[in-house]
Amino acid sequence: MRSRLAGADPRGELGDAEVAAARARAGAAAPSEKLVLGMVGVRGRGSQLAAGFAERKDCEIAYIADVDLSVIPPCAEAVAKLQGKTPKTVQDFRRVLDDK
């Protein structure tokens, strides 16, 4: 006799929780569950954090901002390579906040 999980649909259809769990195991995030980030200050630890978020399937770095323009291109290139999408780059973090 086959055992059933408590609360499972007897017809074998997947519920929302099962679909979400399957997506999580597959590494895919629903668009409504994706965290869109603007990284502000990417020298040193900031670039490490950017790389860590860029590796995650449930995160997208949309902006990179830093007052020092020399640190933006290397970070943006690294993020683009990791997430497959190039973030916008700005010097003034207020431009990140303007994007609603």
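Student: Why does D58 count as partly exposed?

Tutor: This is a predicted model, and in it D58 has 25% relative accessibility. Buried would need under 20% and exposed over 50%, so D58 falls in between and counts as partly exposed.

Student: What makes the contact of R56 and D58 a salt bridge?

Tutor: A side-chain nitrogen of Lys or Arg has to lie within 4 Å of a carboxyl oxygen of Asp or Glu. For R56 and D58 the N to O value is 2.7 Å, so the pair meets that cut-off. Like D58, R56 is called partly exposed, and here the relative accessible area is 44%. In general, side chains of opposite charge can pair when their charged atoms come close.

Student: How do you know that the side chains of K85 and E60 meet in a salt bridge?

Tutor: Their N to O value is 3.0 Å, which is within 4 Å, so the name applies. K85 sits in the loop between α3 (72-83) and β3 (88-90), while E60 belongs to strand β2 (residues 59-65), so this pair ties together parts that are 25 residues apart in sequence.

Student: And what are K85 and E60 called, buried or partly exposed?

Tutor: E60 has 16% relative accessibility, which is under 20%, so E60 is buried. K85, at 46%, lies between the two limits and is therefore partly exposed.

Student: Which residue forms a salt bridge with D98?

Tutor: That is R95, with the closest N and O atoms 3.0 Å apart. The two are three residues apart in helix α4 (residues 93-98), so about one helical turn separates them. R95 is partly exposed, its relative accessible area being 41%. Through shared partners, salt bridges join D92, R94, R95 and D98 into one network. The structure holds six salt bridges.

Student: What makes V40 exposed?

Tutor: Its relative accessible area is 52%, which is over 50%, so V40 is exposed. V40 is found in strand β1 (residues 35-40). Together with F93 and L97, V40 forms a nonpolar surface patch, with about 300 Å² of accessible area among the three.

Student: Finally, why are α2 and α3 called roughly parallel?

Tutor: The axes of helix α2 (residues 45-55) and α3 come within 8 Å and cross at roughly 15°. Angles under 35 degrees count as roughly parallel, so α2 and α3 earn that description. The crossing of α2 past α3 is right-handed.

Notes:
Residues numbered from 1 in each chain as written. Predicted model: local features only at pLDDT ≥ 70, side-chain atom pairs only at ≥ 80, totals over all residues. Heavy atoms only, no water. Patch = residues over 30% accessible without salt bridge, like charges linked within 9 Å, V, L, I, M, F, W, Y side chains within 5 Å. Areas by Shrake-Rupley, 256 points an atom, 1.4 Å probe, with all protein chains shown as cover. Helix = DSSP H or I, 4+ residues; strand = E, 2+ residues; numbered from the N terminus. Buried < 20%, exposed > 50% of the residue type's maximum accessible area, 1.4 Å probe, protein only. Axes fitted to C-alpha atoms, helices over the stretch in contact; angles between N-to-C directions. Parallel < 35°, antiparallel > 145°, perpendicular 65-115°, else oblique. Left-handed = near helix turned anticlockwise from the far one by under 90°.
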